Each structure stands twice: as C-alpha cells, then as structure tokens.
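Below are my notes on the model, set out as numbered points. Please read them with the structure open.

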Amino acid sequence: MNFGREGIEKKLDRLGNTGERVYSKVRVTVFQAVVFALVIGAFLGLSTVYGMARSIVSNAPAVGTIDVTPLGSATFVYDAEGNRIETLVRSGSNRNPIRYDQLPKHLVDAFVAIEDSRFWTHKGVDFKGMVRAFTSGLMRGTFNEGASTITQQLIKNNVFDGGMESGLGARFERKIQEQYLALQLEKRMDKRTILTNYLNTINLGSSTLGVQAAATRYFKKSVENLTLSESAVLAAITKNPTAYNPITRPKGNAERREKVLRDMYEQGLITAKQRDEALADNVYERIAAVNEISQAESTVYSYFVDSTIRSVISDLVTKKGYTETQASALVYSGGLNIYTTMDPALQKIVDEEISNPANYPENVTEYGFTCSFTVQHPDGTTDTYTTNQVREYFRREKNAPAFKLIFPTREELDACVAEYKAAIVKDGDKLITNYLDITLQPQASFVLMDQHTGYVRAISGGRGQKTGNLSLNRATQSTRQPGSTFKVLAAFAPAIDSQGATLASTYYDEPYSIGDKAFKNYWGDYYLGYANLRQACVFSMNIVTTKCLVNTVTPQLGYEYLQRLGFTTLVDSYVDSSGSVKTDIGSSLALGGITLGVKNLELTAAYATIANQGTYTEPVFYTRITDHDGVTILDNTPSTRQVLRETTAYLLTSAMSDTMKNLSYPGRAGQFTTGGNLARPDGVVTAGKSGTTTSNNDLWFVGFSPYYTAGIWSGYDENKSLPSSGYHKRIWKRIMERVHEGLPQSGFAQPSGLVTAHICSKSGKLAVDGLCDCDPRGNGFVYDEIFVAGTEPTEYCDIHTAVVMCAEGGTPAGEYCPEEGRERKLYIRIPEGASAATDDGAYALPAGMLTASCPVHTEEWYEWIQESIAEESRAAEESENWLEELIHELFPGTGGHDDAPPEGGEAP
C-alpha cells in the first residue's frame, strides 16, 4: 500500500470525488423528500380544507329556504282620510322598500361602481376580486380591501344578521357559507332582484335602511327624483355609515363621494362632464337644510297614535296569537300599514280646545311633575328614585301627610326638585339619569267617538306639551271615580230595561242610610220628597238613585249591566289595607263609588251604547292593518252586542236631553238646577250627564248628539279639590259646537212602541185635573211623560189629596159644617213611616185627618142648632100672639091684625 504523500493525496481525491457523489445523491434525495412532503402536506391541507369547506357548506341553510328580502321595514300610520300621520320605526326598521323600476340608473350605477364593479358579469362570487384583494394585501401588508360581492353582502345582511360573529373561526365559517349561497342564489334569482333587495337592505345612516328611506331623510324626496350627485352621496355611505354620514361627517362623505364619481367615470358609466357637474354640486348645504326641517318636524307620537299602537299590539296578541314581544316587533319593524279611525279635522279641534289656556280658570293653573333620578355611587352601585319617593320624602321631612307634588308656580316646583336632588346626591355620587316631566295641572282628557261605528275620531290624553312616546294617556289609561255619570248606567238603565220601572217611577227623597253609610244629595241636608226617575236624572238626585238601585235593580244586577257596557276596571271583591273583604257590588255603585274608578274611553263607549239605540260597539282606533304588499293581516271590525232595548235607550236619552236645559226643580225656581245646561252647544241636539266626585276631585261630562258621543274629564293627577266646577262643561260645549258645524240637526230618532201619558210626577200616575196641577208650589209636577206601550199608568194620582176643610173646626168638613165656612185645601200623602222633614212633608196629610170629625159642628151641635131654631120660632110665634092680644085690648072691636083697616085709613 502506498502510504506516501502522493498516495495519500490520491486516496483523498478518490474519497472526495466519492463524497461529492454521495452528497449529491443525498441532496437530491432530501429535496425529493421535501417536495414529496410538501405535496403530501398540500394534499392533506387541501383535503382538510376541502373537507372543512364541505362540512361548512353542508351546514349552510338550504338555498331554497333562505329569504334575502329585507327584514325590518318602517310601519306607516294613516288617518281616516288616508293621510300618513306617523312612521313607526325601531332600530333596524326605518325602511321603505321600492321596486327596481323606481331606481334611477345613475343610482344603480353608483352602487355597483363602488361596491361590486363586476356585479353584472360574475356568478355571485368575484374570484378576480378576491385575487386582487389578496395580492394587494401582500403588497401592502394589510388585508383590508373587501372582495365581497353585492350578492354576498345581501346574504350577509339578510341571512347571517349582518355578519356580527365574534370569533375568527365563526367568521371563516360564515364566509364560506356566504360564498356558497351566493353562487347558488344567482342560479335562482336574477341580478335585478338581487340588487333591488340589496338597495332596500343596506344601512345608510341616521337610522335609515334602504335607499328610499335615505332619500327621504337626507333630501326629502323620493328615490326616483335623486340627482347623480345625490345618488353618489348615498353610495358613499355604505362602507361606514358612521364615518361617511353626510349630516354629521360631510367632509368624509365628500371624499368618498368623489371616489364613487371617479369610479363611475373610469368604468364608463358617466362622462367627464357629468362627473365634474356632480362634484361641483353643493349637495351638503341642501342636506343640512333638510336636516333642520326634519328635526323641527320630529315630534313624539300623538295620544291617538299611542293608543293605536297599544291597541294593535293587544289585538295581535289576543287575535293572532303573537307574544307581546313578537307583536311589538311587528308593529315597529314589520312594514305594516295601519289605517286609523282618526278624523284629522276633529282631532285638530279637540287638541286646540283642550290645550287652550283660556278654557281654564286662571286661579287653578298649577304645575306637577313625574320624575326618575338614578344616582351612581363611588363603588359603582346605583339607586333610582321615582315620583312616589319624592312625595314620601317631603311628607316625612315636612311632617305633612297630605303633601302633594302640585305647585302654584314653576319656581316653587324647581325649588322642590333641587332640594330633593341635593338630598339624594352625596359627595362622590353622580346623577346619571335625570328625567323630569313637568305637567300643567289640573289635567284633562277627552274622547270623541262615532257611536254608530265604534270609531274613535279624536282623543286627548292630557293638556300641555306631550314629551314622550307611550306616556300616560289619561283618556285610555287613567282610572278616576265616575261620580254621577254612573247613575244612568248602574241604576236607571237596568231599572227601566228589565225591572219594570219607567221614567215616572217614584221614590221618596228623605234622610237615608244603609248600615253606617248615610247618603245625602249634592246640595246638602235638604230633601224633596217624592221624585221620579226623570227628575232624579235631570237634577242628579243621590238618594232617589240609590233607592232605585237597592230596591228595584239590586247592586248585583247593576254591576252586571256595567260589565255588559264594557267596563273592565270593576272589582267584584278585594281586600283593603285593613284586611277586610270589600266589593264594588254595593249601594255606592249607583253614585260611582267604586274601587279603581273608570277610564274615559270606557265611560264614553258606555254612553255611546245609549246613543246607538242600546247597542254596545267596541271603541276602536284602527280599521285594518295590511302588510307592505297591501294584504290585510288584521281586520278590526268592532264587536257589538245589544245591552239595552231601543226603547230603554230612547227613554234615557229623553231624560238626559232635559239635563241639557236650564231647568229648576218644580216650586224651587233657581234651586236644584240641571247639571248639563252649561254644556249645551248652541244649535246642536244633545243629551248628557255630568258627574262630580267628593270635593270636586273629578269633573266629568259625558253626552252625545245624533252623530257623536263625547266624554271629558278634568282634575289633578293627584287627588285635589278643584275650586271651579264648570269649565269642563264649557270645553265640552265648544268642542261639540265646532265638531257639528255644517251638520243638519234633526233630533234623536224615536223607536216604535212608545206612548205618552199626562202624569203627576209625585205619584207617577195619571194626573187629576184640578188637583195635581193645583199644587201650592206650582203646576210643574204635571207633564206629559213617555212610556213603553203597556207600561203607561192607568190609575189616577193618589198622592195629591184635596180635603174640604171646616174653617172653624180645622178639620175636614162634615155633614153638619156650614157651607159658608168650608175651604178646599191640598195635601200630600207621604209614605207611612217616612220623614216629614222634606219639601213634601210641609204639605203632608196629617195622620187620621181623613177620619177626623169636626169638633165644632157635631151632631149635638146640629141638634142644639135645630132646637135653638125651634125655640126661636116658638118665641117669635108667642111674641106675635101677644102683640095681637095687645092690639085687641087697646082697640076693642077690631078684628085683630087680620081685619081690614077703615076705608082711607091705616091699620093701627
């Protein structure tokens, strides 16, 4: 072996060549292995991705089941004349969908140019756009360039709720499903329909969804009338509705609008001249001006709209089976059309009169408030204080149990609020909610309805500025004691309708108690004696009404009639604060003394039953509801039921018509006057009934004409006595006068089956001529009354009694009393055991009077008189005989007084 240097070098050369060959082979092998591994990895990766994608796609909604039409459209409310009066919107619902043929070409081009330039050519997914966005992201180091097509955006918004996923994995899954569905959707739906749904869906800022709502909000015009410049403004908003809002961020929108117009030009959609003219347009000045008008016109919903909303939601729950949440969502974002019963002209009249300060006495204008204050403490906890807590605080601090949040001036109110805030906000605290709603006091509510249809034509839920939606509506929500308005409904109506009573049925007005409850008339401790139901209605007599309910109707039957008349706030039994079980079914029901009170709407509807010939018609605020396509989803035909006979309704109407006249109780001129004469509209046929509760806390007047029924309430939100009790009637009068302008007046239609009879109101029976009309207090107790045929009286009055008195004896004249000493005197027969401390009691027939004998002109007296006459006769005869004898003695030879005197001479 050659171990020399040369040999060693040769061996190393051979080894080197071999090592290179080995290294080369190894290198090739490793490269092949790496490539193989990469291929395998890519294959496995692609397989995994494909598998994942397949799994994701398989979990996507079936394309046949998805609905890409926009959800959440604004609901429109219309008055009875078809005028749109309100738009109901909730976040995500201010949308007014339109058709493709309503879209101007430049608007379509603007959105396509900036959002999806290959929209008309791709199949739902823009793969070129995806590559472009990916390449651009690699070059710039940020992947913020969008590649979603209009079709994908539509699916994201309307199928995937806007794509608001929180995690990367969920976002990736949605993106795959979105692309898959976009490809499938374009196989089923044409491009125009896709684009129309997209333009009706997109968020365009300022609580608008879709191009029509945005065109109205920013330009106050329909989308069909938009200019190129205005269309570019809308297209510029879509990328970021907050950053590019043309009202709050006009500069940002202008920059984006410029890009829209540039893209349109570069894509050959507009000319350079059109681009430049659009860029030169000072569109943002117009937008600012429209915004000022929109803000000025932006008002809270009216009381009528509030009532309609509540009614619709309630009906959707009860008639359609929705939950309340579902019903509310449908009302505010279902794209409904709600057609109300509101007459705009009549509503305007009601609003003007209820709000007119001149209609209220100056000395009773005060201020009240409701509030909600939330205080955040340093530790993060919060406490909320409401109106009731404010009231209790001052009652405690001022030691004034009757303290009310009613103030004669705004300054005193503000001082009270400031004092309370100082008490609840301590060092370190923060007032985070500061709600204060100041209201005029006393308040009022008004309901005007058409009794024939049940349509509510106008309402007012309060006087003063309305500051919030769905706030307290005193016409439909507040419950107040009804006072004497219940007399007609709880007592007179059932008595006449089913218990055989008539307007002539009489009761005795006198001091009256049931248990420990003493009843009085509104005028105090004075009682009139006999009075009938007409008089009890006209002069609002408490005791006669209560006796009618208790003795003729029964409280139970009166309660049942009230329920049939539509009252929902009555309580058949309840436990009071002392634990005692009480009920509205009692004697106080006749006078409106109930637990919770009544709502103006229900009280007015009950009187509308009388005005509508006894048929109760449910009061309604809307007639029908349609969806966006005009398909009726709810027909609101009012339910009706016959509660009273037509004849009953007419008799009650007749009595209440007298209430509107300026009448006094017979014999009491200027006293016990009618309660409705202040409310009588000039030239309008009306009937009605007033109601006043204890201390004038509540003032009512409810009445009707042949056209409309109306009810007014006035009082303090917190019970407080009113110093004036007539202004509400004058408001009712003014409204009804204006409402009936131009309407022909023909009176109330009288049904068949009625007759009249000439009666005495003291007995309710036929009047006796020369007796009942000769009452010492006047002839006002005799009049013609209306009866249902067969119920008219056939007997004559037995209450008025005439007695021929002996003036000397002071008793009824007997057979021995002389004619010249007799006089005719009229008395009233009062019930046995009844109080004589009444108006009739002053003329009460004394007990036993008719059986009494004259103490002077007795039989013995008569016999004595006869004997005296006989004695006088004998004495006269004896005197005559004596005279004859005397003459004979004085003149002898004469023949007595029968002898003829001498010729030419005279008898001696």
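1. The largest nonpolar core of this predicted model has 64 residues, and F486, L489 and F567 are the members that touch the most others in it. At least two residues of this core come from each of α17, α18 (533–538), α19, α20, α21 (600–611), α22 (646–659), β21 (698–704) and β25 (782–788). Helix α17 gives the largest share, nine residues.

2. For anyone inspecting this core, F486 is a convenient place to begin. Leaving out residues up to four places away in sequence, F486 touches A491, L562, F567, L570, L589, A590, G592, I594, V598 and L603. A second core is separate from this one and has 45 residues, among them I202, A214, L234 and A235.

3. Q347 deserves a look as a polar side chain in the interior. Q347 sits in helix α14, which spans residues 344–355. Its relative accessibility is 7%, and because the cut-off for buried is under 20%, Q347 counts as buried. What does the side chain of Q347 reach at 2.8 Å? The partner is the backbone oxygen of I459. Beyond its neighbours within four places in sequence, Q347 has contacts with F304, M342, R457, A458 and I459.

4. Three backbone features should be checked by eye. Most residues other than glycine have a negative phi, and most peptide bonds are trans. The peptide bond from Q441 to P442 is cis, its omega being near 0°. P442 is located in the loop that links β7 (430–441) and β8 (443–449).

5. L470 is a residue other than glycine with a positive phi, near 55°. L470 belongs to the loop between β9 (456–460) and α17 (485–498). Is L470 buried, partly exposed or exposed? With a relative accessible area of 35%, L470 is partly exposed, since that class lies between the 20% and 50% cut-offs.

6. T554 also has a positive phi, near 80°, and is likewise a residue other than glycine. The loop that holds T554 runs between α19 (542–553) and α20 (555–564). T554 has a relative accessibility of 36% and therefore counts as partly exposed.

7. Towards the end of the numbering given here, there is an open sheet of three strands in the order β27-β26-β28, paired antiparallel. Its edge strands are β27 (811–812) and β28 (822–828), each of which pairs on one side only. Strand β26, residues 800–806, is joined to β27 by two bridges, and these two strands run antiparallel. Within this pairing, M805 stands opposite P812 of β27.

8. Some totals for the protein follow. Its secondary structure amounts to 24 helices and 28 strands. Of its 908 residues, 46% count as buried. Among contacts between residues at least 6 apart in sequence, 70% join residues at least 24 apart. The exposed area is about 44300 Å², and carbon and sulfur atoms supply 52% of it.

Terms used: Residues are numbered from 1 along each chain as its sequence is written. Side-chain values use heavy atoms; hydrogens and water are left out. Helices (H or I, at least four residues) and strands (E, at least two) are DSSP runs, numbered from the N terminus. Buried means under 20% relative accessible area, exposed over 50%, partly exposed in between (1.4 Å probe, protein chains only). A polar contact is a pair of N or O atoms within 3.5 Å; within protein, one must be able to donate a hydrogen and the other to accept it, and residues adjacent in sequence count only if both atoms are side-chain atoms. Contact means heavy atoms within 4.5 Å. A nonpolar core is a set of buried Ala, Val, Leu, Ile, Met, Phe, Trp, Tyr and Cys residues joined through side-chain atoms within 4.5 Å. Two strands pair if DSSP finds at least two bridges between them. Accessible areas come from the Shrake-Rupley method with a 1.4 Å probe; for residues, only the protein chains shown count as cover.
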